[in-house]
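Please open the model in your viewer and keep the sequence panel visible. The tour below proceeds by selection, one stop after another.

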Amino acid sequence: MTFDPCWLGGQRLPEVTVHASGALAQTIRAELRQTRRVQHEVEVALCTLGRLEETPLAAWVEQALPVDGLGGEGFLVMRRGNHLVVTAETGRGLLYGYFYLLRYFEWMTGDFTVVERPAVPVRMLAHWDDLSGAVERGYSGRSIFFRDGRVVQDLTRVRAYARLLASIGLNAVVLNNSTVGPAETRLITDHLPDVARLAAVFREYGITVHLSVNFAAPIVLGDLDTADPLDGRVARWWAAAAGRVYDAVPDLGGFVVKAGRPGPATYGRHQADGANLLARALAPYRGTVHWRCFVDDPDQDWRDRTTDRARAAYDHFVPLDGMFDDNVVLQVKHGPLDFQVREAVSPLLGELQETRFALELQVTQEYSGQQKDLCYLGSWWREILQFDTTGGGGPTVAERTEMIVAVANVGDDPNWTGHKLAQSNLYAYGRLAWDPAADPVSLLHEWAAATFPIDDRTRAELVGIMAGSWLTYERYTAPLGVGFMVTPGTHYGPSVNGYEYSASGAYHFADRYGVGVDRTVATGSGFTRQYPEPLASRYENVHTCPDELLLFFHHVPYDHVLQSGTTVLQHIYDTHFQGYDEVEAMLVRWKAIADRFDPAARDNITARLEGQVANAREWRDQVNTYFYRLSGVPDALGRTIYG
Ligand code: GCV
């Protein structure tokens, strides 16, 4: 099958000499054999620090090295005159340096020195792929790993994928869905030789493979009648299972677990008992347990407004802080609900003190247009990463987390992501995981420059169309952080009351007077208490709560005046008209440049944007009509709202 080279298509480099040994140096040499050559006066050398003497800039580089070194993944790039040297302490660092060179070589003029080190040590993509080839919340075709109950034979595409990930600095991958079915439970038994084949391909690019495992595996595989974490037989079962797994893949990163039913609670145990059970099985191999914190409130009921799904993760895990083994990492979704296009940042990310944790994002656009609608999420992730967990002067989420994980958005679609422009989300995710302070718009420029052979003005126009698309998407969907007005099940398109009477805990509570979820301590669910001061008070007070989160934290009357000066109802109308108009404008702007792109990209993007216009129209009209019918208050500007 042919597939799009993504952002690794057209780059050129001059002759490059490699002074390094080891597996990743071989990968770099193989890369260089594939890269197109360009005549250039600059002589480029890539070398590990131990072989610096073999390069002409050795003395200069020695002087420029940071006192604390380059670390296991960092690199230094220096140009002096006609010599350019990329150096690193390790093969992995050198590989990242190589990709840096590939990305920026065209712009490297004059003498310069750059030192790059990733901000976060583990930068992971999690696949929700099943052995059948289906991808949960996948919008780009079928799995590139699995087909018809087994690992695919031909790993050409997997190797191309590993290259793509390494080129943006990602170093870890989870192969399968954390909702582990009976078939996938056998990934740690029957399928191990195939898992080893996949791991070998990723290893070539410095990427560690992880498996999602079924907490109930001892039962599902028919060996025991319990999965009780405090039962010695269960512990021995997992120890033996881990031994077999590490015989097959000695450098496996570890296990990912979403413990549902059965989970530790089934046996009256707490989450730390469950996580530590697996941690102890993995410890001899230095493996890590990634324990997902996506839990619900079993008592959740729309009739009872004191129950609140948003509180669940914190309520479960903060009391256990400090009780997890050192090789457990709690994986925390960025928001307390579920990857919404706007929600508060999870208080767990600020509150865990004695427990390692990872921030979890969603690159696959489950709630943000499903790669049918254009929604560039780099800007949203950057806000989350830079969120001050103390509300003033404290560490940001990026500073506190030691791992970043995101649900992948690729499949076997020829362009990998279904919507060609959704490639930019994968790109931005990797780059932000490496550098959480990176500017999302600059990342779009980088991605577009590496992806399309277009002139600078066309690129600027494309970036202009894409840059604000997250806010546009927010405007035509659920307002002011209230979330979940999506069609139940599919999560695409509007259904304002879709989840209103469900046990999901995702409500907006709109009535004839007002809308929003009261999460205050004073009159609501008390969720605001989970934040430290001054954040707690800022969210608790309806006048200081940021507009964009108002309905996440408060139930207010329609005529409540926002800090922006407009009423809640008028804001809903305005943003829905504006959001739709912006999508129409995106299509017009795109059509003006579309012919400058290759036919596959042109047709794909045109068709997706046309679909987005229809979707935005549906959202606009359903949301506006819904609130008009409830409130009886017309649009102040007299625009068409269907009664
Ligand atoms: C894998 C959301 C999705 C589910 C997903 C779950 C999770 O609720 O809708 O498909 O399940 O998140 O994060 O585990």
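The stops that follow move from the domains to the barrel, the core and several single residues.

**Before selecting.** This is a predicted model, in which local features need pLDDT of at least 70 and side-chain atom pairs count only at pLDDT 80 or more, while totals for chains, interfaces and linings use all residues. Residues are numbered from 1 along each chain as its sequence is written, and side-chain values use heavy atoms, with hydrogens and water left out.

**Domains.** Colour residues 6-116 as domain 1, 122-451 as domain 2, and 474-517 together with 555-631 as domain 3; these bounds come from an automatic or database domain assignment. The centres of domain 1 and domain 3, taken over C-alpha atoms, are separated by 46 Å.

**The barrel.** Next, select the strands β8, β11, β12, β13, β14, β15, β16 and β17, which form a closed barrel of 8 strands in that order, with parallel pairing. On average, neighbouring strands of this sheet are turned by 25 degrees against each other, direction ignored. Helices (H or I, at least four residues) and strands (E, at least two) are DSSP runs numbered from the N terminus, and two strands pair if DSSP finds at least two bridges between them. Narrow the selection to β13 (residues 254-257) and β14 (residues 288-292): these parallel strands are joined by 4 bridges. Val 256 has His 290 in β14 as its bridge partner. Now add helix α9 (residues 271-282), which lies across β13, β14 and β15 (328-333) and runs at about 155 degrees to β14. Such angles run from 0 to 180 degrees between N-to-C directions, with axes fitted to C-alpha atoms, for helices over the stretch in contact; contact means heavy atoms within 4.5 Å.

**The nonpolar core.** Which residues touch the most other members of the largest nonpolar core? Select Leu 125, Trp 238 and Trp 291, which do so among its 205 residues. Helix α20 (residues 568-593) supplies the largest share of this core, 11 residues. A nonpolar core is a set of buried Ala, Val, Leu, Ile, Met, Phe, Trp, Tyr and Cys residues joined through side-chain atoms within 4.5 Å. Buried means under 20% relative accessible area, exposed over 50%, and partly exposed in between (1.4 Å probe, protein chains only). Centre on Leu 125: residues that it touches include Tyr 161, Leu 165, Val 363, Ala 406 and Tyr 429.

**Helix α3.** Select residues 91-104, the 14 residues of helix α3. Of these, 12 are buried, so the helix is largely enclosed by the rest of the structure; among the buried residues are Tyr 96, Phe 99 and Arg 103.

**Single residues.** Go to His 419, in the loop between β17 (403-407) and α14 (423-434). His 419 is buried, at a relative accessible area of 1%, and touches residues including Gln 371, Asp 373, Asn 604 and Arg 608.

Two non-glycine residues with positive phi come next. Cys 6, in the segment before β1 (12-13), has phi near 60 degrees and counts as buried at 3% relative accessibility. Asp 148, in the loop between β9 (146-147) and β10 (150-151), has phi of about 50 degrees and is exposed, with a relative accessible area of 63%.

Finish at the cis peptide bond between Glu 533 and Pro 534, where omega is about 5 degrees. Pro 534 belongs to the loop between β18 (514-515) and α18 (535-540).

Conventions:
The expected span of a helix is 1.5 Å times one less than its number of residues. Lists of a residue's contacts leave out its neighbours within four places in sequence.
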